[in-house]
Amino acid sequence: MIELATPEAPQLIGLDWGTSSLRAFLIGHEGTILGERNGSDGIMAVDPETKDHRGDFSRIAQVAIGTWLTAHGPLPILACGMIGSAQGIAEAGYIDLPADLSAVGQQLTAIGLDIGELHIVPGLQKTATETTAPDVIRGEETQLLGLLDPERTDPTTVILPGTHTKWVGCQGQRVTDFSTSMSGELFGLLSTSSILSRLAEPTDDFHPDAFDWGLSVGADDPAAVTSSIFSARTWALEGRLHPEEINDYLSGLLIGAEVTSHLSTTADSSATVIVCGTADLTMRYTHALHRQGRKTVDANPRAAATGLLRIAKQSGLVPTKENSHA
């Protein structure tokens, strides 16, 4: 929990309400983060068989932001993420591609909670074609809005690494395409539930040589990644790969295959590349991109909060400078 002095009056409570986590931001008019709380009460904290669905979500919100409302009075509450899914409190729908992020605020879904009205951001969806599968984004559209400079119109590739990594093609603030990679979830399964996990020794230390070795193997033949994965076992049996290095080797192999594949098929070769994830994942993807000769730019570490404020201003939940008489 982070609580800061409040030299300015709060304008908005923003919630990044995902599957397993809930991040709450107390936001000032210029985007200053006046308070931040991180918890594990994602939507999975509510039993799908509950008889008081709305009440359970209200109680979670009360714990997360109730003291802010007590201290500052009623504030607009805006949420993005899986809270707007079929498993959340209400379906917020999707916007079809190509999607203009500057208009997201016009399509919010509102639902009453005990603590006040909750406004929910819609996701983005890519419809199926004869050659491509459908795809969806929920929560990342808000991060994107916080990452993309509204004054720029050049192409940008945004990589949002995580359990389900998103590769997003943008033209200014217009999302033209995106693709989801399950490398993060696959790594989690391999490192905890597969035969490889029997040999691995989990550690918090990073082993750059093992990671780079994995990057090279994955990048060499991305299409053969399911075969290459087994080399983590055979190199360990040979003694070339030490138990504490196995997970970093696997991470490099999966990220190397993913990055190489996307750079050759979906990422605009002339586009600026932004990587925004946890510090560890951002480091790993950035390193993989640099090895492929692609430059990256620094990301806004609180992109979700910035995006929530921009959407609140679009929708009129928070007045813009032009409409404020303060």
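This is a short tour of one sheet, the helices across it and the nonpolar cores in a predicted model.

**The sheet.** Select strands β7, β14, β13, β12, β15 and β16; in that order they make up an open sheet of six strands with mixed pairing. Colour β7 (99–100) and β16 (296–297) separately, as these are the edge strands, each pairing on one side only. Strands of a sheet pair through backbone hydrogen bonds, either parallel or antiparallel.

**One strand pair.** Now show residues 155–160, strand β12, with residues 272–275, strand β15: the two pair in the parallel sense over four bridges. Within this pair, V158 stands opposite I274 of β15.

**Helices across the sheet.** Add helix α2, residues 140–147, which lies across β12, β13 (165–171), β14 (174–181) and β15 and runs at about 130° to β12. Then add helix α8, residues 279–291; α8 lies across β12, β13, β15 and β16, at about 155° to β15.

**The largest nonpolar core.** Show the side chains of L101, L124, L144, V158, V168 and V175, the residues with the most contacts inside the largest nonpolar core, which has 33 residues. Elements giving two or more residues to this core include β3 (22–28), β5 (77–80), α2 and β12. Select α9 (303–315) as well: the largest share of the core, six residues, comes from α9.

**Around L124.** Centre the view on L124. Leaving aside residues up to four places away in sequence, L124 touches residues including Y94, I95, A99, L101, V136, V175 and F178. Polar names on the list of contacts are D135 and E141.

**A second stop.** Finally, select A24, L34, I60 and W68, which are among the 28 residues of another core, lying apart from the largest one.

Note on methods: Residues numbered from 1 in each chain as written. Predicted model: local features only at pLDDT ≥ 70, side-chain atom pairs only at ≥ 80, totals over all residues. Heavy atoms only, no water. Pairing = 2+ DSSP bridges. Contact = heavy atoms within 4.5 Å. Axes fitted to C-alpha atoms, helices over the stretch in contact; angles between N-to-C directions. Core = buried A, V, L, I, M, F, W, Y, C linked by side-chain atoms within 4.5 Å. Buried < 20%, exposed > 50% of the residue type's maximum accessible area, 1.4 Å probe, protein only.
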